[in-house]
Amino acid sequence: MTARSVSRRSLFALGGAAAIVTAGVGLPWGEDAQTKSASKLADKRMPRPYAQAFRRPPVLAPRTVTTGADGAPLRTYSLTERAGTAEIAPGISTPVYGYNGSLPGPTVSLDAGTRSMLRVRNQLPAVHPSLGHDFHTSTHLHGSASKPQYDGYASDITPPGYYKDYYYPNFQAARTLWYHDHGVHYTAQNAYSGLAAQYHLHDEAERALLPQDEYDVPLTLSDVMFAADGALAYDDNSHSGLWGDVILVNGVPWPVMKVKRRVYRFRVLNASISRSYRPQLSTGDPLTVVATDGGLIPVAQQVLNYRHGNAERYEILIDFRRYKPGQRVELRNLSNDNNRDYDHTGKIMAFDVTDEPILDTSRNTIPTLLVSSPVMALTAAQAKRTRKLRVERGNGEWQINGKTWRDVVDSGYQMVLANPDYNDVEIWEIENKSGGWFHPVHIHLVDFQILSRNGKAPFAWEKGPKDVVYVGENEAVRLIMRFEHQRGKYMIHCHNLPHEDHDMMQQFSVGLAAGAPDPDDPINADPCRPDALGPDA
Ligand code: C2O
Ligand code: CU
């Protein structure tokens with residue numbers, strides 16, 4: 001038995017000896033798994049799997065739809081970060097702190113080529129009521145080549161009572177992005193408390209190939225644990241990670257979705273702050289991966305299960321034509337090493353197949369050939385240089401090449417891990433020499449291609465444009481990317497958010513000579529402002 005298959009029930013049944021062996025083998029934080037139960041809420045009040053209906057987050061309506069000075073369409077949106085409540089456990093009102101007060105926030109959906117401005121107003125309490133930190137925020141649109149001052153730079157913070165307008169170019173190919181908090185040192189708590197949501201960019205290529213509208217379904221996965229009073233509890237095991245015992249899909253615990261007998265597209269986002277997943281259908285049928293973080297992959301990939309790290313997005317097709325009305329199909333979680341699992345974390349959600357009529361029968365097939373992209377066409381021969389990055393533990397902190405965000409701050413935000421010229425192609429090799437933890441590493445600004453994993457081909461499901469790479473236990477990955485679209489300073493960090501906050505984050509600069517003035521300085525070029533806007537701005 002490994003740590004990932006430990007449940008409270010099985011530990012109880014096996015007794016102490018087995019538990020001690022398990023703790024010694026699998027748990028890097030050196031605690032006894034038996035003493036760990038995630039939620040403190042009374043058992044009878046806990047949510048149960050497959051007891052609540054599936055829900056889609058609302059789509060955010062733009063405030064204005066106009067044409068910008070450059071002639072391109074422009075949409076403006078406004079969001080307020082504020083306290084709200086969610087009924088996650090039946091009959092219990094749980095405080096959340098999210099965009100417009102909900103967990104997750106509303107979905108933004110628009111066409112590539114339409115620019116957007118997202119106004120984010122921080123009306124959160126000055127201090128997080130249960131976790132006690134200053135409630136400053138910074139909003140990152142993950143997957144967008146935004147300018148540095150609109151990229152959610154961790155130290156470009158917006159305190160309560162202030163707002164910031166974020167401008168997004170949206171010129172990239174269709175993809176599933178997400179926006180989430182990135183405030184320095186409290187990103188984990190803030191994303192966990194609700195500050196996360198999907199953002200969809202559409203285009204012609206994706207519209208021609210993949211299911212749309214009713215059959216294009218966001219699935220934002222997260223996990224939580226409850227305190228005795230029904231609030232969300234937070235325990236990151238000395239910054240190793242937080243593993244809740246309740247799996248949420250769009251904020252609903254283990255929901256059940258009614259589906260028709262046709263092909264559906266699911267945009268699966270792992271918004272858990274630490275947990276990774278390995279989704280699998282209960283029927284043993286394959287999932288078809290059609291898009292990764294940066295959009296469509298060249299060739300659809302059929303997989304029986306796949307490893308899904310934090311912040312990664314996989315778009316998968318499920319073909320419900322093969323099932324009978326009345327049949328229940330479960331989406332399960334096989335888990336991965338160095339997660340902490342509980343009685344029901346092996347389940348994600350269920351689909352109940354109905355015989356309801358299908359009105360839209362277009363794109364009701366499983367495609368094979370999709371669309372390539374410039375990043376998937378890059379070859380190693382184009383690279384100007386190769387850089388090596390180690391993700392590691394040192395001096396009680398999570399580090400990249402022995403350095404942390406603290407070192408960046410102490411340098412007056414000058415220290416960079418790399419400084420490619422504009423348009424340079426580079427190979428970055430990232431290595432994790434530990435067997436005790438995994439690191440999903442995110443590089444801002446770019447899409448990259450995974451050239452190899454431990455010297456072999458990448459997994460089938462990651463043969464598409466990526467911006468997060470799962471650097472698993474004792475793994476080394478080679479990535480290739482072109483530094484284009486914007487100049488300036490961008491972050492790179494682990495997306496296990498307690499690791500990011502403590503303090504596995506650094507920055508690189510693109511097309512900037514060391515010490516040269518930076519017109520797009522991420523902190524000073526366009527900072528937040530006091531919010532005297534009135535209720536409807
Ligand atoms: Cu999704 Cu720098 O983050
Ligand atoms: Cu990490």
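**Notebook: cavities, copper site, sheets and backbone geometry**

**Entry 1. Cavities**

I looked up the largest cavity and noted a volume of about 140 Å³. The model I am reading is a predicted one. My search of the whole structure returned 8 cavities of 30 Å³ or more.

Which residues lie nearest the centre of the largest cavity? I recorded Leu103, Ala191, Tyr192, Ser222 and Ala271, out of a lining of 16 residues. I then sorted that lining by residue class and obtained 10 nonpolar, 5 polar and 1 charged. Helix α3 (187–193) and strand β10 (216–226) each supply at least two of the lining residues. The largest share, 4 residues, comes from β10.

**Entry 2. The copper ion**

I turned next to the copper ion (ligand 2). Which atoms coordinate the copper ion? I found His439 through ND1, Cys494 through SG and His499 through ND1, at 2.0 to 2.1 Å. Along the chain, these donors follow the spacing H-x54-C-x4-H. I also checked whether two of the donor residues are covered: cysteine 494 is buried, and histidine 499 is buried as well.

**Entry 3. The sheet with β25 and β29**

I followed the chain around the copper donors into a sheet. Strand β25 spans residues 439–443 and strand β29 spans residues 488–494. The two run antiparallel and are joined by 3 bridges. As one pair across them, I noted isoleucine 443 with its bridge partner isoleucine 492 in β29.

In what order do the 4 strands of this open sheet stand? I read β27-β25-β29-β30, with antiparallel pairing. Strands β27 (468–471) and β30 (505–510) stand at the edges; each has a single partner strand, so one side of each lacks a neighbour in the sheet. From one strand to the next, the twist averages 20°.

**Entry 4. The sheet with β4 and β9**

I examined a second open sheet of 4 strands, ordered β4-β9-β8-β6, and its pairing is mixed. Its edge strands are β4 (108–111) and β6 (139–142), each of which pairs on one side only. Neighbouring strands here are turned against each other by 20° on average, direction ignored.

Is the pairing of β4 with β9 parallel or antiparallel? I found it parallel, over 4 bridges, with β9 covering residues 196–202. Within this pair, valine 108 has tyrosine 199 of β9 as its bridge partner.

**Entry 5. Strand β7 and its partners**

I looked at β7 (residues 162–168) for burial and for pairing. Of its 7 residues, 5 are buried, and the strand is thus mostly covered. With strand β5 (residues 115–122), β7 pairs in the antiparallel sense over 6 bridges. Serine 116 has tyrosine 168 of β7 as its bridge partner.

I also found that β7 pairs with strand β31 (residues 529–530), again in the antiparallel sense, here over 2 bridges. In that pairing, tyrosine 163 is bridged to arginine 529 of β31.

**Entry 6. Cis peptide bonds**

I checked omega at two peptide bonds. The bond joining leucine 103 and proline 104 is cis, with omega of about -10°. Proline 104 has its place in the loop between β3 (94–99) and β4. Leucine 103 also appears in my first entry, among the residues nearest the centre of the largest cavity.

The bond from histidine 502 to aspartate 503 is cis too, with omega near 20°. Aspartate 503 lies in the loop between α6 (497–501) and β30. That strand is one of the edge strands in my third entry.

**Entry 7. Positive phi outside glycine**

I closed with two asparagines. Phi of asparagine 237 is near 50°, a positive value in a residue other than glycine. Its place is in the loop between β11 (232–233) and β12 (246–249).

Asparagine 474 likewise has a positive phi, about 55°, although it is not a glycine. It lies in the loop between β27 and β28 (475–482).

Why is asparagine 237 counted as buried? Its relative accessibility is 5%, and buried means under 20%. Asparagine 474, by contrast, is partly exposed, with a relative accessible area of 47%.

Definitions and conventions:
Residues numbered from 1 in each chain as written. Chains lettered and ligands numbered in written order. Predicted model: local features only at pLDDT ≥ 70, side-chain atom pairs only at ≥ 80, totals over all residues. Heavy atoms only, no water. Buried < 20%, exposed > 50% of the residue type's maximum accessible area, 1.4 Å probe, protein only. Pairing = 2+ DSSP bridges. Donors = N, O, S within 2.8 Å, 3.2 Å for Na, K, Ca; no water. Axes fitted to C-alpha atoms, helices over the stretch in contact; angles between N-to-C directions. 1 Å grid on protein atoms, 1.4 Å probe; cavity = no way out; pocket = protein on both sides within 12 Å on 5 of 7 lines; lining within 4 Å. Points joined across faces, edges and corners; volume = space filled by probe spheres on them. Nonpolar A, V, L, I, M, F, W, Y, C, P; charged D, E, K, R; others polar.
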